[in-house]
Amino acid sequence: MAAKPRFHNDAVAAPDTGPAPGPSSVDRKHPVDETLPPLKMFTSGLQHVAAMYAGVVAPPMIVGPAVGLTAKETAFLMGASLFTAGIATLLQTLGFWRIGARLPFVNGVSFAGVTPMVAIGKDRGHDGIAVIFGAIIVASLLGFLLAPYFCKLVRFFPPVVTGTVITLIGVSLLPVAFNWSQGGNAKAADYGSTTNITMAAVTLVIVLALRKLLRGFLQQISILLGLVIGTLIAIPVGITDFGALGDADPIGFPTPFHFGAPQFEIAAIVSMSIVMLVCMTESTADMLALGKIVDRPADERTIEGGLRADTLGSAISPLFNGFMCSAFAQNIGLVAMTKVRSRFVVAAGGGILIVLGLVPVAASVIALVPLPVLGGAGIVLFGSVAASGIQTLAAAALEKGENALIVAAAVGVGLIPIAAPEFYHAFPEDLLVVLDSGISTGCVVAIVLNLAFNHLGRKPDAEAPERDGDRPVAAPVGAH
């Protein structure tokens with residue numbers, strides 16, 4: 001088999017098959033490490049910010065009122081969350097020492113922590129926020145120490161497991177897009193109105209048309225263009241809210257410990273430590289998915305660096321009044337769709353997030369995008385993630401052994417929180433942190449069943465060839 005051209009950072013040189021190849025095949029950088037022209041870097045980074053903005057500001061919008069903060073204080077939390085998401089994203093993409101996955105990996109406020117944070121701080125005002133921040137700091141530092149050991153779980157993620165988890169990531173995100181398409185607020189009078197859903201459908205059609213008709217760089221930023229066009233159409237329709245733009249301050253720094261020094265309560269620390277384990281599990285799955293998409297499979301060292309960046313970013317976040325940070329799977333869909341694999345593009349997005357956190361009036365411009373418009377684009381983004389998972393499953397030899405059964409059971413369990421949100425209502429609240437995450441439960445089921453069917457009782461490799469579905473995920477992958 002002829003040797004494939006290798007990038008400059010491969011540890012093993014390609015076999016000598018003749019005259020030395022030119023610099024174009026040996027010395028060129030991997031697409032993940034390439035830098036783009038400034039304009040492309042900025043617009044592609046802005047596209048990532050547009051895709052994640054709603055996900056970053058939603059948790060503080062929920063937690064702030066629940067603990068008793070005023071509207072102005074809640075807006076402060078939102079700006080702080082944008083600022084700290086930018087810091088965490090830079091840690092992931094640029095990194096230093098052994099911190100950072102150095103992949104186009106976006107970090108932001110984790111939804112997994114919303115329910116326990118509301119339970120911890122409900123109606124306690126600034127004291128409730130201080131207890132939440134104290135618990136996040138301790139849980140994050142524990143996660144940082146655990147990262148070198150947690151990353152070794154990568155060997156339990158062969159294609160039959162990773163394909164299942166990636167598919168669940170995409171499918172789990174689709175209800176978010178559907179909710180946005182209806183308006184985002186189930187209590188609003190126009191929630192699910194024909195206007196909102198039609199606007200989402202129009203945006204979806206625009207994005208698909210732009211992907212079909214445009215070429216080159218314009219095709220790569222078709223999501224951003226679709227959001228801009230959809231927002232312009234939404235203005236005469238009457239669903240674009242300019243109120244936030246008028247009320248925003250021109251500049252504002254997230255003052256350290258704005259709500260007081262962190263407080264430490266054992267019950268809160270235990271609760272947020274469980275959330276951290278859930279976030280680490282989901283981040284591991286996200287890194288494996290992203291590594292597959294960008295053709296740089298995530299090995300143990302990559303995952304260790306990514307988990308350290310996650311946990312360090314989360315430990316720093318409360319200093320600037322932000323919450324726990326973890327991977328944003330919707331941006332993986334954006335990478336899959338646009339084929340822009342440069343981590344420096346996402347780093348540019350991290351820089352934009354920091355600016356938005358420091359300049360609230362700039363953040364409010366991004367907030368002009370109506371949720372129905374974002375929902376229409378989100379259907380394509382999140383569907384792209386699920387499609388990547390199906391592509392991975394295609395290489396998992398489902399016709400062999402019990403691989404199809406593993407996928408069936410894991411996907412079935414993973415879909416429970418989506419298809420039947422009240423399924424676990426009688427379970428203890430602490431367990432709901434894990435059970436309400438279809439990604440986490442599906443991942444655990446896939447790992448356990450893969451061990452049961454493909455490892456326990458298996459003959460040595462010399463007697464029984466390795467199944468495709470049990471091949472380590474870090475093995476080289478074919479052309480995409």
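The sulfur of cysteine 325 has its closest cysteine sulfur in cysteine 279, 9.3 Å away, which is too far for a bond. A disulfide calls for two cysteine sulfur atoms within 2.5 Å, and a search of the whole structure, which is a predicted model, finds zero disulfides. Cysteine 325 is buried, with a relative accessible area of 1%. Another cysteine, cysteine 151, is buried as well, at a relative accessible area of 2%.

**Salt bridges**

With no disulfides found, let's turn to the charged side chains. Side chains of opposite charge can pair when their charged atoms come close. How many salt bridges does the structure hold? There are six, and three of them are set out here.

| Salt bridge | Closest N to O distance |
|---|---|
| Arginine 343 and aspartate 33 | 2.9 Å |
| Arginine 124 and glutamate 265 | 2.9 Å |
| Arginine 308 and glutamate 304 | 2.8 Å |

Take the salt bridge between arginine 343 and aspartate 33 to begin with. This pair links distant parts of the chain, 310 residues apart: arginine 343 belongs to helix H14 (residues 343-358), while aspartate 33 sits in the loop between helix H1 (23-26) and helix H2 (38-67). Are these two residues buried or exposed? Arginine 343 and aspartate 33 are both buried.

Next comes the salt bridge of arginine 124 with glutamate 265. Arginine 124 is found in the loop between helix H4 (114-121) and helix H5 (125-150), and glutamate 265 in the loop between H10 and H11, so this pair ties together parts that are 141 residues apart in sequence. Here the surroundings are more open to a probe on each side of the bridge in the sense of the computed values: arginine 124 is partly exposed at a relative accessible area of 33%, and glutamate 265 is partly exposed at 32%.The salt bridge between arginine 308 and glutamate 304 lies within one helix. These residues are four apart in helix H12, which puts about one helical turn between them. Both arginine 308 and glutamate 304 are buried. Elsewhere, Asp33, Arg296 and Arg343 are joined into one network by salt bridges that share partners.

**Aromatic rings and a charge over a ring**

Arginine 308 has a second contact to look at. Its charged end sits over the ring of phenylalanine 144, at 5.8 Å from the ring centre. So arginine 308 takes part in a salt bridge with glutamate 304 and also places its charged end over an aromatic ring.

Rings also meet each other. A pair of aromatic rings is described by the distance of the centres and the angle of the planes. The structure holds five aromatic pairs. One of them is formed by phenylalanine 76 and phenylalanine 259, with ring centres 6.0 Å apart and planes at 75°, so the pair is edge-to-face. Phenylalanine 76 lies in helix H3 (residues 71-93) and phenylalanine 259 in the loop between helix H10 (243-247) and helix H11 (266-293), so the pair links distant parts of the chain, 183 residues apart. Both phenylalanine 76 and phenylalanine 259 are buried.

How are the rings of phenylalanine 423 and tyrosine 424 arranged? Their centres are 5.1 Å apart and their planes stand at 85°, which makes the pair edge-to-face, since planes over 60 degrees apart count as such. Phenylalanine 423 is partly exposed, at 49% relative accessibility, whereas tyrosine 424 is buried, with a relative accessible area of 10%. Together with Phe427, Phe423 and Tyr424 form one aromatic cluster.

**A nonpolar patch on the surface**

Which residues make the nonpolar surface patch? Val202, Ile229, Ile233 and Val237 do, and the patch covers about 260 Å². Helix H9 (residues 222-237) gives the largest share of the patch, three residues. Valine 237 lies in this helix, H9, and is partly exposed, with a relative accessible area of 40%.

**A loop residue close in space to a distant one in sequence**

Aspartate 299 is placed in the loop between H11 and helix H12 (300-316). At 36% relative accessibility, aspartate 299 counts as partly exposed. What separates aspartate 299 from valine 154 in sequence and in space? In sequence they are 145 residues apart, and in space 7.2 Å, taken from C-alpha to C-alpha.

Key:
Residues numbered from 1 in each chain as written. Predicted model: local features only at pLDDT ≥ 70, side-chain atom pairs only at ≥ 80, totals over all residues. Heavy atoms only, no water. Phe/Tyr/Trp six-rings, centres within 6.5 Å; stacked < 30°, edge-to-face > 60°. Helix = DSSP H or I, 4+ residues; strand = E, 2+ residues; numbered from the N terminus. Buried < 20%, exposed > 50% of the residue type's maximum accessible area, 1.4 Å probe, protein only. Lys NZ or Arg CZ within 6 Å of the ring centre and 35° of its normal. Patch = residues over 30% accessible without salt bridge, like charges linked within 9 Å, V, L, I, M, F, W, Y side chains within 5 Å. Areas by Shrake-Rupley, 256 points an atom, 1.4 Å probe, with all protein chains shown as cover. Salt bridge = Lys/Arg side-chain N within 4 Å of Asp/Glu carboxyl O.
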